[in-house]
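Hi,

Here is the structure I promised to pass on. Have a look at it first, and my notes on what turned up follow underneath.

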Amino acid sequence: MSESQTDMQDLYRELILDHSRNPRHFGRLSDATHTADGINPLCGDKLKLYLRVDDRGRIESSSFEGSGCAISVASASLMTVTVTGIGIDQAESYFEEVTQRLTSDRTEVSSDSSYDKLQALDGVRAYPARVKCATLAWHALHSALENKTTPATTE
Amino acid sequence: MSAPAHITASASWRSDFPALHQKVHGRPLVYLDSAASAQQPASVIDAIARYEREDHANVHRGVHTLSHRATEAYEGSRDRIRDFINARSRSEVVLTSGTTESINLVAQSFCRPRLQAGDKIVITHLEHHANIVPWQLVCEQTGAELVVAPINDRGEVELEQMLELIDDRTFLIAVAHVANALGTVCPISRIVEHAGARGIPVLVDGAQGVPHLEVDVQALGCDFYAFSGHKMFGPTGTGVLWGREELLDAMPPWQGGGDMILEVSFDKTTYNELPYKFEAGTPNIAGVVGLGAAIEYLQAIGMQNIADYEHDLHTYMVSELKKVDGIRLFGEARDQASVQSFLLADIHSHDLGTILDHQGVAIRTGHHCAMPVMQRFGISGTARASLAFYNNRDDVDRLTAALGKASEIFA
């Protein structure tokens with residue numbers, strides 16, 4: 001196997017390919033309490049994120065729709081899996097964690113074991129041109145939780 | 001039997017471009033993104049370096065030797081540009097920062113003062129954002145209407161329908177010479193003929209035309225022709241607006257500042273003559289020197305030789321791409337130049353771009369600043385391979401092999 005192929009498999013890990021082919025929580029959430037649009041102006045990809053947050057600030061359900069590359073769809077899918085069932089404060093801390101991991105040189109791993117699955121996104125760090133694909137859904141999450149009316153962008 | 005002369009020549013052309021001789025991710029670089037920005041030959045890089053080392057000073061200002069040399073070099077490039085596009089006079093060659101500025105100049109200086117509510121500007125569905133948004137802006141400012149001529153599934157302008165859209169309220173027609181996303185060569189002469197008979201000016205966005213076709217603005221018969229230096233093997237931040245002298249003459253300045261004036265007092269300012277009226281401030285002198293060197297290089301090869309060579313290579317690329325399982329081509333115009341947009345199975349163009357890059361193959365991915373074209377085909381973007389005369393059949397073979405890898409990864 002050539003070196004370049006090994007590297008590509010670091011980016012396109014099985015979990016990423018699986019979530020991009022079969023995105024979880026894909027579709028519209030009719031009774032959403034929070035929504036946000038995410039736009040990546042570089043490629044024109046768009047996604048719409050839906051959250052239903054209960055009175056106690058817990059994300060009861062989440063979903064997304066839109067089109068994008070394997071990285072952005074997989075990241076959005078992993079995100080909805082991660083944030084469904086948790087409190088909005090914890091969801092915000094995931095946003096911080098993911099965006100920092102992908103955009104800084106920081107190497108220490110979060111002690112939170114629920115982060116394990118998201119480590120599949122770490123391969124993106126070696127591809128600076130693709131980091132924005134991976135963070136788009138997370139910016140939309142942050143934006144939805146802050147009830148922002150303008151679309152989230154990765155810029 | 002020896003290889004045809006132009007094949008042999010291509011190898012020597014390629015050796016003139018230092019950036020092409022490097023490895024990317026361990027593989028020799030295959031550069032198929034010249035439509036976004038073309039590489040520069042050593043002669044251009046050297047001309048800029050020589051200017052910066054030996055001749056740099058401000059132009060049109062000093063009486064000292066370096067200022068004189070800088071002015072000679074800068075104005076020498078203007079003469080070369082005039083010759084290259086066969087403009088009637090050097091007064092018609094306005095130096096800008098690129099196609100985008102050239103088009104905005106026409107929108108704001110030619111159109112804005114005269115456009116009336118209800119007037120129309122006609123463009124095509126093929127245009128780059130730089131030939132859409134400046135017109136949208138001036139339409140918003142004046143109440144004029146932007147009218148878009150349709151294209152067919154091959155990516156060709158529906159000419160008859162376009163001509164029907166042109167009526168006595170049409171103020172200007174703006175059309176790409178070669179469409180950047182699909183490579184369609186637009187029927188400029190037919191459009192010009194129709195418009196000319198009605199006294200309607202035509203602007204041609206030549207950003208993708210000039211690098212690939214022999215351009216003679218007088219023979220084309222258009223009224224404005226805009227293009228960029230960096231698409232034609234020169235530096236970024238340089239460009240040209242060619243316009244008919246009588247039109248440019250009647251237009252007010254675009255920006256105010258030094259160099260565009262004859263005399264300034266607080267009561268009245270007299271503007272400089274053409275083309276300086278449109279060149280406020282210290283220009284990109286080194287860039288323009290480089291642009292002149294790029295034209296010198298192109299003229300030595302000959303634009304017709306370039307067009308012929310690229311036509312053969314493009315035909316080869318299309319036939320090889322068609323052999324790839326799951327390929328979908330976008331843009332199959334009967335007259336097409338140098339670029340090919342495509343998608344592979346259901347792989348997103350950005351994923352294709354990353355996988356190809358990892359094999360040393362540089363292509364453009366996404367919407368190519370032509371979102372309406374993507375909307376027309378119901379897609380968010382394409383992968384686009386664009387050719388220059390420094391590419392060869394090996395590059396095309398590397399492209400198709402890399403697409404095979406992409407299919408493996410996404411199998």
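**Two helices in chain B**

Helices α2(B) and α10(B) cross in a right-handed way. Bear in mind as you read on that this is a predicted model. In chain B, α2 covers residues 42–55 and α10 covers residues 285–301. Their axes come within 8 Å, with a crossing angle of roughly 145°. Those are the two usual numbers to quote, since packed helices are described by the angle between their axes and the distance between the axes.

Which residues meet there? On the α2(B) side they are B:S43, B:V44, B:A47, B:I48, B:Y51 and B:E52. Facing them from α10(B) are B:A286, B:V289, B:G290, B:A293, B:A294 and B:Y297. By type, that contact has nine nonpolar residues, two polar and one charged.

**A sheet in chain B**

Next, look for the open sheet of four strands in chain B, ordered β13-β14-β17-β16, where the pairing is antiparallel. At its edges sit β13 (327–330) and β16 (364–366) of chain B, each paired on one side only. From one strand to the next, the twist averages 30°.

If you want a spot to zoom in on, try β13(B) and β14(B) (residues 339–344), which run antiparallel and are joined by four bridges. There, B:R328 has B:L343 in β14(B) as its bridge partner. Helix α11 (residues 303–322) of chain B packs on this sheet and touches β13, β14 and β17 (382–386) of chain B. The direction of α11 makes about 10° with that of β14(B).

**A sheet in chain A**

Chain A has an open sheet of four strands too, in the order β3-β2-β1-β4, but here the pairing is mixed. The edge strands are β3 (59–67) and β4 (152–153) of chain A. Strand β1 (residues 34–40) of chain A pairs with β4(A) in the parallel sense, over two bridges. A:G38 is opposite A:A152 of β4(A). Lying across β1, β2 (45–53), β3 and β4 of chain A is helix α5 (residues 131–145) of that chain, which runs at about 150° to β1(A).

**Where the chains touch**

How many residues of each chain are involved? In chain B there are 15, in contact with 17 of chain A. Helix α12 (residues 349–358) of chain B gives the most to chain B's side, with five residues. That side of chain B divides into 11 polar residues, three nonpolar and one charged.

Cheers

Conventions: Residues numbered from 1 in each chain as written. Chains lettered and ligands numbered in written order. Predicted model: local features only at pLDDT ≥ 70, side-chain atom pairs only at ≥ 80, totals over all residues. Contact = placed C-beta atoms within 7 Å. Nonpolar A, V, L, I, M, F, W, Y, C, P; charged D, E, K, R; others polar. Pairing = 2+ DSSP bridges. Axes fitted to C-alpha atoms, helices over the stretch in contact; angles between N-to-C directions. Left-handed = near helix turned anticlockwise from the far one by under 90°.
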